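I opened the model to take notes on its pocket, its sheet and some backbone details. The entries follow in the order I looked things up.

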Amino acid sequence: MANDISFPCTIMLFFIVFYLINSSNAMPSFNVQRYGARGDGRTDATEPFLTAWSLACESRARAMVYIPRGTYLVRNLVFWGPCKNIITFKIDGTLVAPENYWSIGSSGYWILFAKVNRISVYGGILDARGAGYWSCRKKGGHCPQGARSISFSWCDNVLLSGLTSLNSQNIHVTVHHSSNVRIQNIRIRAPSGSPNTDGIIVQASSGVTISGGVIGTGDDCIALNPGSKNIWIERLNCGPGHGISIGSLGEYANEEGVQNITVTSSIFTKTQNGVRIKSWGRPSNGFVRNVQFRNLVMRNVENPLIIDQNYCPSKKGCPNQSSGVKISGVTYANIKGTSATPVAMKLDCSGSNHCTGITLKNINLKYMRRSSASYCKNAHGRASGVMIPRNCM
């Protein structure tokens with residue numbers, strides 16, 4: 001009888017000790033509601049969010065900022081680092097911007113993580129309610145510069161996972177002067193006519209992986225700007241929008257280059273472009289090299305494969321000039337589908353800096369169920385395998 005009683009008591013004691021040990025090591029959680037945030041969509045929760053961040057950032061143990069279910073109205077949020085340990089920012093609710101677009105539009109940022117190392121942002125919905133701002137832009141009125149919805153500047157070791165970003169005033173996600181960044185399973189949505197609502201912009205950053213997600217917006221799904229290097233993009237559904245772009249480059253005479261880029265296993269649907277490299281038609285020391293576009297599907301895309309080195313949308317400051325951006329080592333491989341325009345491949349390269357080392361392999365792009373056409377200027381390289389349209393280099 002004594003043995004029968006001691007065994008369950010021993011087991012219970014084990015679980016009590018196990019619980020106490022793990023409770024003592026549990027990650028401190030800073031729930032924004034504890035500091036006054038109300039998830040009613042009307043009460044300004046900006047200060048409670050900043051308080052929760054400040055406490056988590058000062059924690060010597062790994063810490064979590066937690067946003068429970070509900071709708072939280074927040075103005076500009078700048079989460080400054082460096083922090084004393086790893087931070088998890090977990091969003092189970094929805095963050096909405098004020099309806100008055102001036103409230104966040106003047107600063108250029110809505111939610112900004114700055115100088116933070118080792119930060120993971122999980123889940124949640126961001127709704128910047130950008131329609132009023134877009135209307136101001138389209139009318140040509142007096143408008144603020146517009147806010148980017150979520151940004152990482154001077155940050156290292158970043159994970160952004162499972163976020164939904166809706167109706168940004170401007171760019172949805174920016175990565176700037178950062179390294180070792182992973183963006184996964186993201187959903188971005190804005191109307192096709194919304195101006196400059198790029199999905200993700202990367203600039204002056206390295207080691208960025210964008211994996212899985214759906215982006216439909218009014219500008220580029222992804223834009224890789226000067227200083228982008230070692231970038232991997234895979235399993236993306238892009239459309240509507242302007243496709244995936246390297247550039248525009250060459251806006252300034254002295255500019256960082258773009259290198260070591262891979263875009264693979266992705267689908268483009270009814271986009272203005274597929275994969276594009278664009279540079280201004282004027283002097284620059286910029287460059288693009290070692291780029292892989294492979295295993296892509298185009299569905300009724302206007303310009304599936306395009307290099308445009310005569311980019312000059314306003315026709316000011318660059319007419320009749322030649323782009324100084326040097327493009328080399330670009331591969332297009334295993335790309336199939338349909339073009340919405342007769343010319344499915346346009347390689348329009350600089351007269352003073354020809355594109356070199358272009359590789360075409362197994363391209364099959366139809367237009368109206370027939371073979372599409374190609375256009376090449378100052379482009380040099382080689383082709384192999386199926387070539388529809390024909391190789392024009």
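How much space lies in the largest pocket? I read about 580 Å³ for the largest pocket, and I note that this comes from a predicted model.

**Pocket lining.** I counted 27 residues lining the largest pocket, and those closest to its centre are Ile201, Gln203, Asn225, Ser248 and Glu251. By class, the lining divides into 10 nonpolar, nine polar and eight charged residues. I then looked up which strands supply it. β14 (173-176), β16 (200-203), β20 (244-249) and β22 (275-280) each give at least two residues to the lining. The largest share, three residues, comes from β14.

**Sheet.** The four strands just named also appear in an open sheet of 11 strands, whose order is β5-β8-β11-β14-β16-β18-β20-β22-β24-β26-β29, with parallel pairing. At the edges I found β5 (77-80) and β29 (373-377), each of which pairs on one side only. From one strand to the next, the twist averages 15°.

I checked one pair in detail. Strand β24 (residues 305-311) and strand β26 (residues 343-348) are joined in the parallel sense over four bridges. Within this pairing, Asp308 stands opposite Asp348 in β26.

At the β5 end of the order, I looked at what packs on the sheet. Helix α2 (residues 46-58) lies across β5 and β8 (109-114), and the helix runs at about 5° to β5.

**Cis peptides.** I searched for peptide bonds that are not trans and noted two. Gly81 and Pro82 are joined by a cis bond with omega about 0°. Pro82 sits in the loop between β5 and β6 (87-91), that is, in a loop that involves the edge strand β5. Gly239 and Pro240 are also joined by a cis bond, again with omega about 0°. I placed Pro240 in the loop between β19 (229-238) and β20; β20 is one of the strands that supply the pocket lining.

**Positive phi.** Most residues other than glycine have a negative phi. I noted two residues that do not follow this. Asn167 has phi near 50° and lies in the loop between β13 (164-166) and β14. Asn334 has phi near 55°, but Asn334 is found in a strand, β25 (residues 326-339).

Are these two buried or exposed? Asn167 counts as partly exposed because its relative accessibility is 24%, with buried meaning under 20% and exposed over 50%. Asn334, at a relative accessible area of 36%, is therefore partly exposed as well.

Methods
Residues numbered from 1 in each chain as written. Predicted model: local features only at pLDDT ≥ 70, side-chain atom pairs only at ≥ 80, totals over all residues. Heavy atoms only, no water. 1 Å grid on protein atoms, 1.4 Å probe; cavity = no way out; pocket = protein on both sides within 12 Å on 5 of 7 lines; lining within 4 Å. Points joined across faces, edges and corners; volume = space filled by probe spheres on them. Nonpolar A, V, L, I, M, F, W, Y, C, P; charged D, E, K, R; others polar. Pairing = 2+ DSSP bridges. Axes fitted to C-alpha atoms, helices over the stretch in contact; angles between N-to-C directions. Contact = heavy atoms within 4.5 Å. Buried < 20%, exposed > 50% of the residue type's maximum accessible area, 1.4 Å probe, protein only.
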